[in-house]
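Q: Please take a close look at one part of this structure for a reader who is new to it. Please then relate the account to the spaces within the model.

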Amino acid sequence: MTASRDATSTSIEHRAREIGRVLFAKVGGGPKPWERGWWDDRMMNLTLGDPLVKVQLFRFIDAMPVLKTPTAIRRHLVEYLDEAGDRVPWWLRLAVALAPAGTLGERALAGIARFGATHMARRFIAGATPDEALKTVLALRRQRIAFTADLLGEAVISEHEAERYQQTCLDLIRGLARPLGVEPEIPQIDRDHRGSIPRVNLSLKLTSLTARFDALYDHSTLYRVARRLRPILRTARDLGAYVHVDMEQYAHKDLTLAIFKSVLSEPEFRDWPDVGIVIQGYLTETEADLGSLLDWVKQRGTPITVRLVKGAYWDYEVVLARQLGWPIPVYLHKWQTDACYERSARFLMEHHEQLRPALGSHNVRSLALAMAAAETYHVPDDSYEIQMLHGMGEPIQRALVADGKRVRVYTPYGAMLPGMAYLVRRLLENTSNESFLKASFTDHAQVEELLRDPEEVGAMWGRNQPSQRKPGSLTANAAAPVLTPFQNEPPTDFTRPEARAAMSEALRVVRGQFGRVYPLVLNGRAVATGTEFTSTDPSETASVVGRFVQARPEDARQAIAIARERLAAWSATPAADRASVLLKAAALMRAKRSEISAWEVYECGKPWREADGDVAEAIDFCEFYAREMIRLAEGKHRDVPGETNAIERIARGVVAVIPPWNFPLAIPTGMTVAALVAGNTVVLKPSERAPRIALLLGELLREAGLPEGVLTVLPGFGDVGKALVDDPRVALIAFTGSRDVGLEINRKAAEPAHGQNHVKRVIAEMGGKNAIIVDDDSDLDEAVVGVLQSAFGYAGQKCSACSRVIVLDGVYDAFVARLVDAARALPVGPADNPDTAVGPVIDAKARVRVEGYKTIAEGEGDVVLSVDVGPLVARGNYVGPLIVAGVHPDARIAQEEVFGPVLAVLRASDLNDALRIANGTVYALTGGLYSRSPANIDRVKREFRVGNLYVNRPITGALVDRQPFGGFQLSGIGTKAGGTDYLLEFLLTRTITENTMRRGFAPESDGASTAATPTNEAALGV
Ligand SMILES: Cc1cc2nc3c(=O)[nH]c(=O)nc-3n(C[C@H](O)[C@H](O)[C@H](O)COP(=O)(O)OP(=O)(O)OC[C@H]3O[C@@H](n4cnc5c(N)ncnc54)[C@H](O)[C@@H]3O)c2cc1C
């Protein structure tokens, strides 16, 4: 017990333990052998004792609803169990062994598996139809238990599905109101200290009321959700029902609260008390949220209910935050969540007139503490209620009912398929080592242990932990400071209002700089060429982003001469100093992140998140290649007695960098800084579509300390690129762009010009005709969303974009229907509008080309979606998403790179066919698979020939170091950008051997390494 506890806390604590002991005594040892829960818990324990077996079985259960035949069920069970190896219990292995494929045994095994999953589902899911829901509800009432009905649903990915969800909510309220209205009153559950309370109680999820729920576009989300929420509230109010808003992932929390407050502040609903919202105790922001909810209720003048829970997405929140490098929003120790829950429960009891408490927990200690607080604050017994989930903590429910408490059970209802995600969450919760129910009824922990104050648990936990190592003690080395290991730059979290405000402000500032003239700078001096060109906003083609003095071929030759001149000094600069320029550039990019993103929005039509991701990738390239060069500069020694052998890297010479416009900062940065840090000098010819951003890169590198002339940026056209490619003084050409130009560069580079003393090296990243395979057991919620994101993100203008989706016969029709419906929900519009999902294509030429493919598509398949962009066509380069189904694998639309929002859907009879189609193009860049079959995943990993393969996720958005990017065949030469091999492309390797034996005597090798990278003498022409 903590010393600082005040008298009230001490008395609450004391009383909580008393209440807890009494409750435990009434509950007894949990479910009894004649009750279903007892058998279920035993079965779960027997099967799920091993964490690996547990995960595999949960994955199997998750896939089960889509497995149509006994063969499919057996095959998946075997595949999942195989992955758990000999940790599978003997009896399960035996059951599978006794059911070989194609036998009656197989049918029996499938039947048992189906029965088991359905049986489990029935424990937690109240029914599949409104009639079944009514039956469950009436049965609960007979036990003096109230209910709140929850609709299980597939993830809502189209507005049509959102409408269906709204309609089901309305039907449910209407369907339950009449029969329950005529039921005799049960005062324990139908009244509180003020009088009658609604008998119909609905819990709903705001994210199910729109296909696009995102705080990035909070206004339009609010508009769509509110539009569908109001009729539900109205109907509920008219029929005397109650509506509760569930809380989901942290990313949705603030917007959920904002929508709730906004709609319920409207005059129509302002005086209506029969509404409530969930608050999750595991979030570190919970107490602040409760405070602002109280302030709002005071302003509104009518109370609401707060269901206080701990939270159902703990693992998800932790994994997601770690993956993205974001702060973790939940407490990391169970006792901290418990303690927050208790503080919040006290807060609710103190303010129960405004925030009516509904305690959602199966934890006797948490409930006892809240009840003790209620006594202390003189809260009437019937003015708060206790809520539990259907099928969980039933003995506790009964004990509380017997004690006269109002207990409400959360009764989800819906079909088995969408119910699986809910079922798996409940199974995870019931079998989690942190679960109170498991500790109480399965592990039979001591009552006093279970009733311990969480703060006390925390204090004990702290004492028992080994002392933490001081930060930095592992690597602290004054003589040689070590760079921290590389970590990807986290994406900006646009669900935070401050991030959105910063971006809006940057867009405003950048707009204010439109139309400026940018000089051509060679060797620090502006050069007049007599010609200018403009860069325009693809979203508003009348807006001139900037005017650029246009470089000529002679300027390219002059830039090469300067680069040659600077080469000796720059390549002799110690690698660590060159690396530090990159690190400083990364820091500058971080500082100017919103501003650079804003330039991308306007110059290249990149929507917010895409632009932000591009800047993050550029930062990653700087940070990653800086570390890589430091590693490579150490060289390698392989000395033997009497002989030293050193392997060292030298710069190649002058590098020509020719990037595209679609990743306007990341690709130029990657190629440029890789060349620079390796000791080369660079002439960069950016795309004429993205000159402002390339000049920004030049400015940032100069500000970071790059000497004048080591990099020259030449805004211009193809003649400048050609001059660079043709020049014999260029050692390496780093190109990303179209296949035809890449092949032409490669051909030219292979032939040395007269007097040229080296063969030019070419790094060429070219196109792709990337495919995603959708297996017949895949999760369509995820597959549809992943395919859309991969196909239409940045209007399909990524070399990694998905342009073919190959769908197995069994799910083809269902997939296409949902895909088309979901694609319709994607707004097309200007890139600076955060609501835009599909922005414009880069220029008028691209628009005409992509539109040409629309005509081709009509002749080659069934155009199932062709979005008309309406009046936008007059403003910018807009092309609406196009989906063409039933395409033949050899059709042009399935073979040619379109580089626009065009997606071909192909039907495959089986996985062999799917792989044949997937591999049937000249490209091999990215590819994907959605599947829940471990064997099919393995096979696709082996046989799908692409440079970057993604399983069960979108195929775009490769991250530096984690997913080095690049393809082969006609997609590229095989170099992986952002990987450990990349810098080697920009370096030559030398081996230096010295015989150190003199007259039978050899000194000891000192093994010193060369910090600076010597120059390639050949390239210097020395
Ligand atoms: C009626 C009802 C409605 C609900 N509605 C929602 C809802 O809308 N949204 C929602 O998110 N949840 C909701 N839940 C809560 C959720 O689904 C779980 O049932 C609840 O978190 C379990 O808590 P407990 O107090 O019963 O059990 P306990 O066993 O005491 O607590 C388990 C909980 O502790 C937390 N936890 C576990 N490990 C850690 C750790 N290492 N560090 C920190 N915390 C940890 C997790 O939240 C976990 O669920 C609802 C629960 C009920 C009863």
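A: A helix here is a DSSP run of H or I that spans at least four residues, and helices are numbered from the N terminus. The model under discussion is predicted. Helix 5, covering residues 90–97, contains Leu-94. This residue joins Trp-90 and Leu-98 in a nonpolar patch on the surface, and together the three have about 390 Å² of accessible area. Leu-94 counts as partly exposed because its relative accessible area is 44%, a value that falls between the limits of 20% for buried and 50% for exposed.

From the surface patch, the account turns to an open space. The second largest pocket has a volume of about 1,200 Å³. Its lining comprises 39 residues, and those nearest its centre are Trp-661, Phe-735, Gly-737, Ser-738 and Val-741. By class, this lining has 17 nonpolar, 8 polar and 14 charged residues. At least two residues each come from helix 28 (718–726), strand 21 (730–736), helix 29 (739–750) and helix 32 (844–860). Helix 29 gives the most, with 6 residues.

Enclosed spaces complete the picture. The count comes to 6 cavities of 30 Å³ or more, and the largest cavity has a volume of about 210 Å³. Among its 19 lining residues, Ile-197, Tyr-242, Thr-305, Glu-385 and Arg-406 lie nearest the centre. Two or more lining residues come from each of strand 5 (242–245), strand 8 (355–360) and strand 9 (385–389). Strand 8 supplies the most, with 3 residues. The lining of the largest cavity has 7 nonpolar, 5 polar and 7 charged residues.

Notes. Residues are numbered from 1 along each chain as its sequence is written. This is a predicted model: local features need pLDDT of at least 70, side-chain atom pairs count only at pLDDT 80 or more; totals for chains, interfaces and linings use all residues. Side-chain values use heavy atoms; hydrogens and water are left out. On a 1 Å grid over the protein atoms alone, a cavity is a set of points where a 1.4 Å probe fits but cannot get out, and a pocket is an open set with protein on both sides within 12 Å along at least five of seven lines; lining residues have an atom within 4 Å of a point. Grid points are joined across faces, edges and corners, and a volume is the space filled by probe spheres set on the points. Ala, Val, Leu, Ile, Met, Phe, Trp, Tyr, Cys and Pro count as nonpolar, Asp, Glu, Lys and Arg as charged, and the others, Gly among them, as polar. Patches are made of residues with over 30% relative accessible area and no salt bridge: like charges are joined within 9 Å, nonpolar side chains (Val, Leu, Ile, Met, Phe, Trp, Tyr) within 5 Å. Accessible areas come from the Shrake-Rupley method with a 1.4 Å probe; for residues, only the protein chains shown count as cover. A salt bridge is a side-chain nitrogen of Lys or Arg within 4 Å of a carboxyl oxygen of Asp or Glu. Buried means under 20% relative accessible area, exposed over 50%, partly exposed in between (1.4 Å probe, protein chains only).
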